[in-house]
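User: Please take a close look at the charged side chains here: where do they sit, and what do they pair with? A plain account that also places them in the rest of the chain would suit me.

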Amino acid sequence: MSNAIDLAEKLSTFSDHWSPRTVAQFNACDVMVVKVEGEFVWHKHDDTDDFFLVLKGILDIELRDRTVTLREGQMYIVPKGVEHRPVAREEVHLLLIEPTGTPNTGNAETAAPRKVV
């Protein structure tokens with residue numbers, strides 16, 4: 001990587017929600033940005049933790065026993081195997097990091113295709 005990556009610029013290139021865009025890769029992981037709004041599906045990842053960093057907005061991560069609320073600059077890691085559902089009352093911008101090829105729904109058949117920006 002020879003240049004800095006401007007996350008705001010990358011986010012400005014698309015408007016659809018729940019469709020992560022890979023901006024870089026390191027150590028067999030994708031670094032992605034995504035815009036989200038509304039409720040995502042309940043899901044879990046059996047083989048990996050799920051990393052969320054809020055760049056803009058407020059995100060609720062619903063767990064079966066509680067809700068974790070994240071504001072700009074805050075992050076949370078959902079442990080592998082824990083069922084969760086991200087919820088954004090208004091548009092939220094996130095940075096995600098996960099092993100390359102991890103389906104965003106925990107299921108390859110229902111996952112959004114990976115896109116690069």
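Analyst: R89 is a convenient place to start: its relative accessibility is 58%, so it counts as exposed. The model is a predicted one, and what follows should be read as computed from it.

R89 takes part in a salt bridge with D60, in which the closest N and O atoms are 3.3 Å apart. This pair links distant parts of the chain, since D60 belongs to strand β4 (residues 59-63) and R89 to strand β7, 29 residues apart. The two ends of the bridge differ in their surroundings. D60 has a relative accessible area of 13% and is therefore buried, whereas R89 is exposed at 58%.

Strand β7 contributes to another bridge. There, R85 pairs with E39, and the closest N and O atoms are 3.2 Å apart. R85 lies in strand β7 (residues 84-99) and E39 in strand β2, so this bridge ties together parts of the chain that are 46 residues apart in sequence. Here the positive side chain is on the buried side: R85 has a relative accessible area of 15% and counts as buried, while E39, at 53%, is exposed. In the D60 and R89 pair the acidic residue is the buried one, and the arginine is exposed. The R85 and E39 pair also belongs to a wider arrangement, as E39, E62 and R85 are linked in a network of salt bridges.

A further bridge is found between loops. The side chains of E83 and R64 meet at 3.0 Å, N to O. E83 sits in the loop between β6 (75-78) and β7, and R64 in the loop between β4 and β5 (67-70); the pair thus links distant parts of the chain, 19 residues apart. Neither residue is buried: E83 is partly exposed at 32% relative accessibility, and R64 is exposed at 55%. In the whole structure a search finds 6 salt bridges, and the pairs described above are among them.

K10 shows another situation. This lysine is placed in helix α1 (residues 7-11). K10 is buried but has no salt bridge, and the nearest side chain of opposite charge, E9, is 4.3 Å away. A salt bridge requires the side-chain nitrogen and the carboxyl oxygen to be within 4 Å, so E9 at 4.3 Å does not qualify as a partner for K10. Leaving aside residues up to four places away in sequence, K10 touches I5, V23, V33 and V117.

K56 is a lysine in strand β3 (residues 50-56). With 41% relative accessibility, K56 counts as partly exposed. Its contacts, again not counting residues up to four places away in sequence, are with E72, E91, V92 and H93. For a sense of distance across the fold, the C-alpha atoms of K56 and T102 are separated by 24 Å, the two residues being 46 apart along the chain.

Now for the chain as a whole. The protein chain has 13 positive and 19 negative side chains, and the centres of the two sets lie 1 Å apart. Its secondary structure comes to 1 helix and 8 strands, arranged along the sequence as α-β-β-β-β-β-β-β-β. The radius of gyration is 13 Å, close to the 13 Å that the globule rule gives for 117 residues, so the chain is as compact as a globular protein of that length. The C-alpha trace spans about 45 × 30 × 25 Å along its principal axes.

Long-range contacts fit into this picture as well: of the contacts between residues at least 6 apart in sequence, 62% join residues at least 24 apart. Buried residues make up 44% of the 117 residues. The chain exposes about 6500 Å², of which carbon and sulfur atoms supply 50%.

Two backbone details lie outside the charged set. W18, in the loop between α1 and β1 (21-26), has a phi near 60°, a positive value in a residue other than glycine. A28, in the loop between β1 and β2 (29-39), likewise has a positive phi near 60°. W18 counts as buried at 19% relative accessibility, whereas A28 is exposed, with a relative accessible area of 62%.

Definitions and conventions. Residues numbered from 1 in each chain as written. Predicted model: local features only at pLDDT ≥ 70, side-chain atom pairs only at ≥ 80, totals over all residues. Heavy atoms only, no water. Helix = DSSP H or I, 4+ residues; strand = E, 2+ residues; numbered from the N terminus. Buried < 20%, exposed > 50% of the residue type's maximum accessible area, 1.4 Å probe, protein only. Lys, Arg positive; Asp, Glu negative; His and termini not counted. Contact = heavy atoms within 4.5 Å. Rg over C-alpha atoms; globule rule 2.2 N^0.38 Å. Areas by Shrake-Rupley, 256 points an atom, 1.4 Å probe, with all protein chains shown as cover. Charge placed at Lys NZ, Arg CZ, Asp CG, Glu CD.
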